[in-house]
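Here is a set of short questions and answers about one structure. Each answer sets a value against a definition and then concludes.

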Amino acid sequence: EDGYELWLRYRPLQQAGQVQQHVRAIVYNGAASPTVRAAIDELRRGLQGMTGKTPGSGTQVADGAIVLAKSGALPQGFKADGLAELGREGYLLKSATLAGKRVTVIAANDDIGLLYGAFGLLRAIGTGKALAAIDERSAPKLQLRVLNHWDNLDRTVERGYSGQSIWNWWELPDIRDRQYVDYARANASLGINGTVLNNVNSKAEILTAPWIAKVAALADVLRPYGIRVYLSARWSTPLELKETKTADPLAPEVAAWWRAKADEIYRVIPDFGGFLVKANSEGQPGPQDYHRTHADGANMLAAALAPHKGIVMWRAFVYAAEKPDDRAKQAYDEFKPLDGKFAPNVMVQVKNGAIDFQPREPFHPLFGAMPHTPLMMEFQITKEYLGFAMHMAYLGPLFEEVLKADTMQRPGGLTVAQVLEDTEHGKRPTGMAGVANIGSSRTWSGSHFDQANWYAYGRFAWDPQGDSRAFAREWAAQTFSRDPQAVAQIVDMMMRSREAVVDYMTPLGLHHLMDTGHHHGPGPWVDNLGRPDWNPTYYHKADKEGIGFDRTARGSKALAQYAPGVAARWSDPRTTPEQLLLWFHHLPWDYAMPSGRTLWNELVARYDRGVTEAEGLRARWEKLKPLVDERRYDEVAQRLDTQVKEARWWRDASLAYFQSVSGLPLPPGVKKPERTLEQYKAIKFPYAAGHH
Ligand code: BDP
């Protein structure tokens, strides 16, 4: 057990005999496409693993068979109620009696629905659902469910903590690593149907013919699993390749270049998904270099892709040094005025919060504020700001918190999930992106528990109204053990883990206190970087009097970007959720918290709670030793030891620093930081993981 099999381990079931009578054979009537073959292969693999017997295969309905059927060719007498509404990717799982035989039907409108249904059935079996009367229907609520790989062409991965990129660019297109198929299976099992192969900080070369051939080879491997490939496009590509004299989006030669480039790509990848673009952000080139807007840029690319039904995913992650007043406001300021100005095949991809993938952020004010533009969510699965792959932090609750947040942009409420689902507009593209945590390490994700973040992301992309605890349960049962006690304990650990990280890194709405560049470890004292908005001191604004970023009407006015209902609630510290308090307010150290403590004492208590929680995770894991296989037990234990050590470091360094600013004593009984502030400041990490 080294983790390579992910949640697709298919270990023997206790009730194998019972299940076996429902899975004796796999029946499919018709010529099997590669997608249907993948579905049948997966069912055989999974059922063989879980029941110990390989199911037979055939074309005739027989007792105890799994019948795969498409809407045009449903077996006689099978009532597929509501199948049509499930769309191309949806599926039904239903037990039925056909011609006197008891069968389980996987019904779908298309081959890909059958593949998703096969995975759905295996998940149901693997998590202990009874097959005798199974009746499930499922269809994705978002159209584009994509991973964003921040993978470079030299196989390093920006913010990657799982080894090298799995894309072996050097050996492609001739060598097609078997891992690509396993990647496709894992993603298809969740319904992920798109992947952006390269870093948003992109290179021009990716759009040259030799690289397009490599991309085409990957597309060929992924296609049967319903996964389309996309590329991050560098704005200035034609200029850098010296094929145009400018990258001005309104220059006809530039538009013509991109049209020809799109045609070239689609000749070899007919189902190419489109481009993801990071423009005029953190030094990347973009249309603003030519005094054009993001819409001018996005629409020019969209026109090149439109004849091929491709999509532009244009990122709203922008902030400029010239506008130091509040970085949190900039995406909204730049994009809100462009609402309605984007071509129909452009989606604006918005990070979950307005700063940058922090352990906790309020939802991004753009959600619900651009009704005339399809918005796509961008989550970060890789844990750049949450302890890399060394700390346990199950991100399900983070995703859920954002998705369930009410933007109040409509009477009666409008959650972020509803904004993404966009049901009232019907035909517009919808989607979610997750910055992948996948690499060539045997665990794929750098640690066993980080696999759960990939899993939960995929499940939320399928159903943004899903439940993080239910996803954790499914994942734990398939990945670790079906023992109910083990599952309960593991899920309990997972569900508390992210809050622990919030507490020992950035409690009470603090943010961006991580050390420079690599973002590993505390750096709340850092105040000397090239731009003010790169400094942690810019974000916490702590001084002798108090702490926090005032984003109310008296401060940066960022709150005005939210709907009036939200703004009103969060403009008063008394009605602001404690967990966002210092995100929106600058408060005196002796501010009275609901707990009865002063703000200073509360801050100390939160840091302490974070450490206690981290210690608790370690202790709980110890109890699981008899229930978990040895190697994975040990690998997780090592990481939890590290997490405890680093939680203490975070707590001690942060308190040492904030105490030096507030001048206040630690409350009685509270442990002093182990080292001096100067010692914490001296800790440096050249060559940190994921930072190039
Ligand atoms: C930041 C990362 C940086 C990314 C950037 C982005 O530190 O590596 O390039 O986001 O999303 O969080 O473009």
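Q: What makes a residue count as near the ligand in this predicted model?
A: One of its heavy atoms must lie within 4 Å of the ligand. There are 14 residues around the ligand. Those that come nearest are E158, K278, R315, D356 and E384.

Q: Why is the link between K278 and the ligand called a polar contact?
A: A polar contact needs a pair of N or O atoms within 3.5 Å. An N or O atom in the K278 side chain is 2.6 Å from an oxygen atom of the ligand. The pair is therefore a polar contact.

Q: How do you know that R159 and N201 make polar contacts with the ligand as well?
A: The cut-off is again 3.5 Å. For R159, a side-chain N or O atom is 2.9 Å from a ligand oxygen. For N201, the value is 3.0 Å. Both values are within the cut-off, so both pairs count.

Q: How much of the ligand does the protein cover?
A: On its own, the ligand has 320 Å² of accessible area. The protein covers 97% of that.

Q: What makes the shell around the ligand eight parts charged?
A: Asp, Glu, Lys and Arg count as charged. Eight residues of the shell fall in that class. Four others are nonpolar and two are polar.

Q: Why is the ligand said to sit in a pocket, and which one?
A: More than half of its atoms must lie within 2 Å of the grid points of the pocket. The ligand sits in the second largest pocket, so it meets that test there.

Q: What is known of the largest pocket?
A: Its volume is about 990 Å³. It is lined by 36 residues, and R88, E89, Q143, N193 and R228 are the closest to its centre. Helices α2 (34–51) and α3 (111–126) and strand β9 (228–232) each give two or more residues to the lining. By class, the lining has 13 nonpolar, nine polar and 14 charged residues.

Q: Where is the cis peptide bond, and what is its omega?
A: The bond joins L172 and P173, with omega at about 5°. P173 lies in the loop between β7 (144–148) and α4 (178–190).

Q: What is the phi of N280, and where is N280 found?
A: Phi is positive, about 45°, although N280 is not a glycine. N280 is in the loop between β10 (274–277) and α8 (294–305).

Terms used. Residues are numbered from 1 along each chain as its sequence is written. This is a predicted model: local features need pLDDT of at least 70, side-chain atom pairs count only at pLDDT 80 or more; totals for chains, interfaces and linings use all residues. Side-chain values use heavy atoms; hydrogens and water are left out. A polar contact is a pair of N or O atoms within 3.5 Å; within protein, one must be able to donate a hydrogen and the other to accept it, and residues adjacent in sequence count only if both atoms are side-chain atoms. Accessible areas come from the Shrake-Rupley method with a 1.4 Å probe; for residues, only the protein chains shown count as cover. On a 1 Å grid over the protein atoms alone, a cavity is a set of points where a 1.4 Å probe fits but cannot get out, and a pocket is an open set with protein on both sides within 12 Å along at least five of seven lines; lining residues have an atom within 4 Å of a point. Grid points are joined across faces, edges and corners, and a volume is the space filled by probe spheres set on the points. Helices (H or I, at least four residues) and strands (E, at least two) are DSSP runs, numbered from the N terminus.
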